[in-house]
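The following exercises concern a ligand site and a covalent cross-link. Please work through each task before reading its solution.

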Amino acid sequence: MNLSNHSMAFSAILFLLPGLSQAGSVEVLHYWTSGGEARSVQVLKEAMQEDGHTWVDFVVEGGGGGNAMATLQDRVLRGNPPTAAQIKGLDIQRWARLGFLSNINNLAEEQQWDQRLPPVVAAAMQYNGDYVAVPVNVHRTNWLWANKRILDVVGVAVPTTWAEFDQAAERIADAGYQVIAQGHQDWQHATLFESVVLSVGGPEFYQAALVDHDFRAMRGDTMDAVFDRYYQLLDYMTLSGDLAEWNQATSLVINGEAAFQFMGDWAKGEFSAEGKVANTDYICAAVPGTQNQFLFNIDSFAVFDLRSADQADQSAQNDLVRNIMDDSFQRTFNQNKGSIPPRTDMSMNAFDDCARVSMKEFIAAAANNALLPSIAHGMATTGTVQGYFYEKIGELTVSPLPPSESSRELAKAIRYGQYVIK
Ligand code: GAL
């Protein structure tokens, strides 16, 4: 074997061995720009730089990720995919079916993902039984965030039922505070709406209406009751274009201008970024009526099949995947991000009260058929149906209709989304 064969063999060994790989670069497309989000993705950048790799940040503004997915589609169709992208839920299936994603079974085996991931997470990362994406975290969307000082001043406890919520809301409003801070964007309204579906209808109803899209469930009395409750909540919020972004709404709760926000636990990342402490400065609680029930939203990175990339870049891509499932990354990233690790073998000792409650309720929900995919965050249905769901909930939020008409309109929109060819 001549020298070049030697050096080629040597670099091939380097490529396979974790942490010994050649310095390469990774271009990562994501949409994490808020205080807590930026602090979190920074952990991954640093882990890659520690390995000697170059991180090329391709960040696309816009909470919820709608803009990022449109940009990604455009890039891939122009034959210019990034190394990896923040792709989640059923979109992973779509990209894998089109043949754009890399099979990373070898890394999954090396790090024993099958033994370390809950079945619901492992399944979401696989296409036809092959791993094509790596999970970063598990977010829960059915959370209520409260400013503790306002509750103390007004003398109300965190509500666990809607009756308690209405009583607390009246007193908070009487005391001159904004009751609910809500960013005026369709995906945020959809995030609140899905929690109300779970709260008013229960896990089975949520499954039937928002996952299986059972037409009778979507048009029935229960959905009417959901809209009735949802519209009551609109009375406690001021919707305006000035308060668009979700993290702006979180700031109002952090600053003591508003008492509550309904939002996934990425909101906790904003409290942490401001040095706020759970149960001292703010309180996290399940949306009333959804204790021990868990709407999951799993963030993940899918890696693109970069046939043209050189070995250094391919080994950098492997190290990106390895780093994401690594202990220290998982701990620091999820503490910053407000989520919990997707791994079942990680200790929660280093996490705060909210994260420990989240993990406890994740496990309880999984045992009681109450662990359900978030429709507002791409876990439950196709991107097309999600788009029609967003649009309709956004429309009805601005111009409410009588509950039974609202249910009919929503059922029509979801049904249309199921059959429209896009
Ligand atoms: C979700 C994403 C979260 C969070 C949120 C707000 O779709 O999964 O990680 O970033 O959007 O941007």
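Two exercises with worked solutions follow.

The model is predicted: local features require pLDDT of at least 70 and side-chain atom pairs count only at pLDDT 80 or more, while totals for chains, interfaces and linings use all residues. Residues are numbered from 1 along each chain as its sequence is written, and side-chain values use heavy atoms, with hydrogens and water left out.

**Exercise 1.** Determine which residues surround the ligand and which atoms lie opposite its oxygen atoms.

*Solution.*
Step 1. The ligand is surrounded by 14 residues, each having a heavy atom within 4 Å of it. The closest are Glu37, Lys88, Asn297, Asp299 and Lys337.

Step 2. Consider polar contacts, i.e. pairs of N or O atoms within 3.5 Å. Glu37 places a polar side-chain atom 2.5 Å from a ligand oxygen atom. For Asn297, an N or O atom of the side chain is 2.9 Å from an oxygen atom of the ligand. Gly64 instead uses a backbone N or O atom, 3.1 Å from a ligand oxygen atom.

Step 3. The protein covers 100% of the 300 Å² of accessible area that the ligand has on its own (Shrake-Rupley method, 1.4 Å probe).

**Exercise 2.** Locate the disulfide and explain what it ties together.

*Solution.*
Step 1. A disulfide is a pair of cysteine sulfur atoms within 2.5 Å; the structure holds 1.

Step 2. Cys284 and Cys354 form it, with sulfur atoms 2.1 Å apart. The angle about the S-S bond is -105°, and the link is left-handed.

Step 3. Cys284 belongs to strand 11 (residues 282-286) and Cys354 to helix 18 (residues 353-367), so the pair ties together parts 70 residues apart in sequence. Helices (H or I, at least four residues) and strands (E, at least two) are DSSP runs, numbered from the N terminus.

Notes:
Polar contact = N/O pair within 3.5 Å; in protein donor to acceptor, adjacent residues only side chain to side chain.
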